[in-house]
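Visitor: Hi, I've got a structure to look at and I'm new to this. Can you walk me through it?

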Protein chains: 2
Amino acid sequence: MINSEEAIEELKKIVKQKGLKYTEQREIVLSILIHAEDHLSAEEVYNEIKTKHTDSNIGIATVYRALSFLEEVDLITSITFGSDGKKYESNAKSHHDHLICTECGKIVEFLDDEIEKRQERIAKKNKFKITNHSMQLYGTCEDCQ
Amino acid sequence: MINSEEAIEELKKIVKQKGLKYTEQREIVLSILIHAEDHLSAEEVYNEIKTKHTDSNIGIATVYRALSFLEEVDLITSITFGSDGKKYESNAKSHHDHLICTECGKIVEFLDDEIEKRQERIAKKNKFKITNHSMQLYGTCEDCQ
DNA sequence: TTCCCTGCAAAAGGTTTGCAGTATG
DNA sequence: CATACTGCAAACCTTTTGCAGGGAA
């Protein structure tokens, strides 16, 4: 999955398949995450909506429900960095892992094919069927050393 | 660091260095984690103490304070698996990563030298000084497929 | 028309903090 | 003897839930 329209179409399809309803709120939450530069917490998503969609009168509970739903159907992913709590990102971005500066909070995304391959091999060896994975390297970035 | 006594000695040393006090409660929390089979949440540590140290009248707040302290001085590490909340493990165990079954919660620990090496290389390329890292592979284990 | 989804507010869960007393160095 | 640490309870923050009303199919 690559862009915003495709993700929105995917959402419509999934919702239909499951006999559920397509709502503006779910679309807004998904689109916020698609266009976000950073990883956002539930509250940050809520604030974004309050700021950018002043017409929409969304409740925080709906944001939580939408996030759970979107994660369940695999349109978004959550990760937890240290004590910062749960944050979400759109799966429309291609897969990557994270380098995290524990001083300033800077996050660098990266991908290493060899690591990806070895992860598969480890899973197979342990007879796991992998659906997902996350890797975080913690340290200090150049500026903070 | 390898065994319980060494970790306790390390704790005494650190506490002394910082001009802090060595307390039974900190020692108990650390030893619980050292002897734990699993990764424990704050509340699980608290319950263990309540069960195994019936003489000690520890409060949950003290457990949280001890865990934060021990993590800060790098004697224990916290990880967060999905929605299960924060869990702690002793650093006296050697480093490893985690395979996690999203169905039954089973956790398999593993280590892959090649991945460890590549992580170092990636950090260097991005000019990060790594202090720590964690990697989780999520999926279903043999029994749950 | 059906019933899924929403907003609101209350509840729940987990973690932190203030305070007075306790115990360590 | 100074003061860091503790237990308790209250406060806090984040997330979930119950419910009545509203909107998509």
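Visitor: Which atom of DNA strand D does a polar side-chain atom of B:Thr62 lie 2.3 Å from?

Guide: A phosphate oxygen of the strand. Keep in mind that this is a predicted model, where local features need pLDDT of at least 70, side-chain atom pairs count only at pLDDT 80 or more, and totals for chains, interfaces and linings use all residues. Residues are numbered from 1 along each chain as its sequence is written, chains are lettered from A and ligands numbered from 1 in the order in which they are written, and side-chain values use heavy atoms, leaving out hydrogens and water.

Visitor: Okay, what about B:Ile58, which part of it is 3.3 Å from a phosphate oxygen of DNA strand D?

Guide: That one is a polar backbone atom. A:Tyr22 also has a polar backbone atom 3.4 Å from a phosphate oxygen of DNA strand D.

Visitor: How many residues are around DNA strand D?

Guide: There are 18, and the nearest are A:Tyr64, B:Arg26, B:Asn57, B:Ile58 and B:Thr62. Being near means that a heavy atom of the residue lies within 4 Å of the strand.

Visitor: And what share of the strand D atoms within 4 Å of the protein belongs to sugar or phosphate?

Guide: 74%, with the rest belonging to bases.

Visitor: Let's switch to DNA strand C. Which residues are closest?

Guide: A:Arg26, A:Ile58, A:Thr62, B:Lys21 and B:Tyr64, out of 17 that surround DNA strand C.

Visitor: What is A:Lys21 doing there, base oxygen or phosphate oxygen?

Guide: Base oxygen: one on DNA strand C is 3.2 Å from an N or O atom in the side chain of A:Lys21. For A:Arg26, a side-chain N or O atom is 2.8 Å from a phosphate oxygen of strand C. A:Thr62 has a polar side-chain atom 2.3 Å from a phosphate oxygen of strand C.

Visitor: New topic. What rotation superposes chain B on chain A?

Guide: A rotation of 179° with 0.0 Å of shift along its axis, giving an RMSD of 0.2 Å. That is the relation of a two-fold axis. The fit is by least squares on the C-alpha atoms of residues with pLDDT of at least 70 in both copies.

Visitor: Which residue of chain B comes closest to that axis?

Guide: B:Met135, with its C-alpha at 2.0 Å.

Visitor: Why do the copies meet through the same surface?

Guide: Because 100% of the interface residues of chain B are also interface residues in chain A. Contact here means heavy atoms within 4.5 Å.

Notes:
Polar contact = N/O pair within 3.5 Å; in protein donor to acceptor, adjacent residues only side chain to side chain.
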